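Biologist: I should like to go through this model by asking for the reasoning behind each term. Please set each value against its criterion before drawing a conclusion.

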Amino acid sequence: MIEAAQRLQTVEEYYFSKKLREVRLLQANGKPIINLGIGSPDLQPPQKVISTLCESLKDESANQYQSYQGLPELREAMVSFYKEQFQVFLSPATEVLPLMGSKEGIMHISMAFLNPGDQVLIPNPGYPTYASVTKLLGAELVLYDLTEEQNWMPDLELLEKQDLSKVKIMWVNYPNMPTGAKATEGFFIRLVAFAKKHQILIVNDNPYSFILNDAPRSLLSIPGAKDVCLEMNSLSKTFNMSGWRVGMVLGKSDYINHIIKVKSNMDSGMFYGIQKGAIEALKCSKLWFVSLNNVYEERRKLVWELADSLNCTYDKGAAGLFVWAKTPAFLKSEEFVDLLLKEHDIFIAPGTIFGSQGEGYVRFSLCASTEVIEEAISRIK
Ligand SMILES: Cc1ncc(COP(=O)(O)O)c(C=O)c1O
């Protein structure tokens, strides 16, 4: 028997990978499971994106290896998107790198900057990949708490009371997943000052900026941010393209070059047709965002109704693809989720998969049709 590497002892199989197996088994046994657990958009990408992908297959170079840095037109489209949406000005030649989803970017950025023993500031609750990648690389996790009382923002003053000398990276994610909290400009300004003072690379993971958010914001729009910050974005949620695997990392060219050094040793460029489709997506007019958000708004109202009927409470001002809700006081997150699954065949995500600070909360996904959410409501009522 050949043993797995020791680093695998630092991580566990991803919660959804395990739990969805259980959910599928229940479905195979005839249970009519309603899945409001996962954030995989069920809506279609813009039609033009799909037709462009199909058309592009006829191009001569469609099946060849692609540039490690992506097609120049794709980088141009990404930078134009940032200019138009966030008034952030970047060089398409040196300050953006297409990624196969932002999830892989977490690994590439970590590999580019972390040495074993370096410390990494990670939000609790937060997207689990920040922690697992940090552990896989032998770096040290330093969790920072996000609390409802502080509007799910890090307490920078409290952090400064700690020894931050070994901290190399701080992951932030606004609009936040799972809580839906939105960062203010003032917070971003203080964050950049904090990063400069302590020489920490801040990476803002920003895939939810355009979902139910009336004020999309980029950390890179703060003066001086490029010296100490990177930002990732993704087409997964904004254009319903999670399966396409298209994301981007943006920032100062020196930092991007470090990431290219890692990435060019790992993959050989994104499939041509996907890049062509992504370019079309990034060119979408404001109408796209309006119609997308109309759908999510309608769904969210119903999910609020569902949460009400379960005696959960939530913040109506939150952004993103989920409703983050507090469970009734007597039930822990996982007990609540298991009960809902057992009694009503409804699956939602327990807050604890995002960290201990998620205890007492659950996450409802908006990636289900109004009919499905209505059915969930009627099962509870
Ligand atoms: C906070 C956060 N970051 C990154 C990702 C990964 O997105 P992508 O599809 O771009 O890899 C997700 C996906 O759910 C997410 O919630």
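Biologist: Why is Gln 199 called exposed?

Modeller: The model is a predicted one, and the values are computed from it. Gln 199 has a relative accessible area of 58%; the term exposed applies over 50%, so Gln 199 counts as exposed. Gln 199 lies in the loop between α7 and β6 (201–205). Its phi is near 50 degrees, a positive value in a residue other than glycine.

Biologist: What makes Asn 311 exposed?

Modeller: The relative accessible area of Asn 311 is 57%, and the cut-off is over 50%, so Asn 311 is exposed. Asn 311 lies in the loop between α11 and β9. Although Asn 311 is not a glycine, its phi is positive, at about 60 degrees.

Biologist: Which term applies to Ser 369, and why?

Modeller: Ser 369 has a relative accessible area of 23%. Buried would require under 20% and exposed over 50%, so Ser 369 is partly exposed. Ser 369 is found in the loop between β13 (361–365) and α13 (370–380). Leaving aside neighbours within four places in sequence, Ser 369 is in contact with Asp 42 and Arg 299.

Biologist: Which term applies to Glu 375 in helix α13, and why?

Modeller: Its relative accessible area of 35% lies between the limits of 20% and 50%, so Glu 375 is partly exposed.

Biologist: Why does His 108 count as buried?

Modeller: The relative accessibility of His 108 is 4%, and buried means under 20%; His 108 therefore counts as buried. His 108 is found in helix α4. Not counting residues up to four places away in sequence, His 108 touches Leu 99, Ile 259, Val 262, Lys 263, Met 266 and Asp 267.

Biologist: Why is helix α10 described as largely enclosed by the rest of the structure?

Modeller: Helix α10 (residues 272–282) has 11 residues, and 10 of them are buried, so the description follows. Among the buried residues are Tyr 272, Ile 274, Ile 279, Glu 280 and Leu 282. The covering elements include α2 (47–56), α3 (72–86), α8 (235–238) and β8 (247–251).

Biologist: How many aromatic pairs are there, and what makes the pair of Phe 113 and Tyr 255 edge-to-face?

Modeller: The count comes to 18 aromatic pairs. For Phe 113 and Tyr 255 the centres are 5.7 Å apart and the planes meet at 75 degrees. A pair requires centres within 6.5 Å, and edge-to-face requires over 60 degrees, so Phe 113 and Tyr 255 form an edge-to-face pair. Phe 113 lies in helix α4 (residues 102–113) and Tyr 255 in helix α9 (residues 253–263), so the pair ties together parts that are 142 residues apart in sequence. Phe 113 and Tyr 255 are both buried.

Biologist: Why is the pair of Trp 304 and Tyr 314 called stacked?

Modeller: The ring centres of Trp 304 and Tyr 314 are 5.9 Å apart and the planes are at 5 degrees. Stacked means planes under 30 degrees apart, so the term applies to this pair. Trp 304 belongs to helix α11 (residues 286–309) and Tyr 314 to strand β9 (residues 313–314), 10 residues apart. Trp 304 and Tyr 314 are both buried.

Biologist: What makes Arg 363 a charge over the ring of Phe 322?

Modeller: Arg 363 lies over the face of Phe 322, at 3.7 Å from the ring centre. The distance limit is 6 Å, and the charge must also be within 35 degrees of the ring normal. The charged end of Lys 252 sits over the ring of Tyr 255, 6.0 Å from its centre.

Biologist: How is the chain divided, and what is the area buried between domain 1 and domain 2?

Modeller: Domain 1 comprises 6–44 + 286–380, and domain 2 comprises 47–282. Their contact takes 35 residues from domain 1 and 35 residues from domain 2. The buried area is about 2,900 Å², and carbon and sulfur atoms give 59% of it. In domain 1, Phe 289, Phe 354 and Gln 357 lose the most area to domain 2, together 21% of what that side buries.

Biologist: How do you know which peptide bond before Pro 125 is present?

Modeller: The bond joining Asn 124 and Pro 125 is cis, with omega about 10 degrees. The bond from Tyr 174 to Pro 175 is also cis, with omega near -5 degrees.

Conventions. Residues numbered from 1 in each chain as written. Predicted model: local features only at pLDDT ≥ 70, side-chain atom pairs only at ≥ 80, totals over all residues. Heavy atoms only, no water. Phe/Tyr/Trp six-rings, centres within 6.5 Å; stacked < 30°, edge-to-face > 60°. Helix = DSSP H or I, 4+ residues; strand = E, 2+ residues; numbered from the N terminus. Buried < 20%, exposed > 50% of the residue type's maximum accessible area, 1.4 Å probe, protein only. Domains from an automatic or database assignment. Contact = heavy atoms within 4.5 Å. Buried area = accessible area lost by both parts, 1.4 Å probe.
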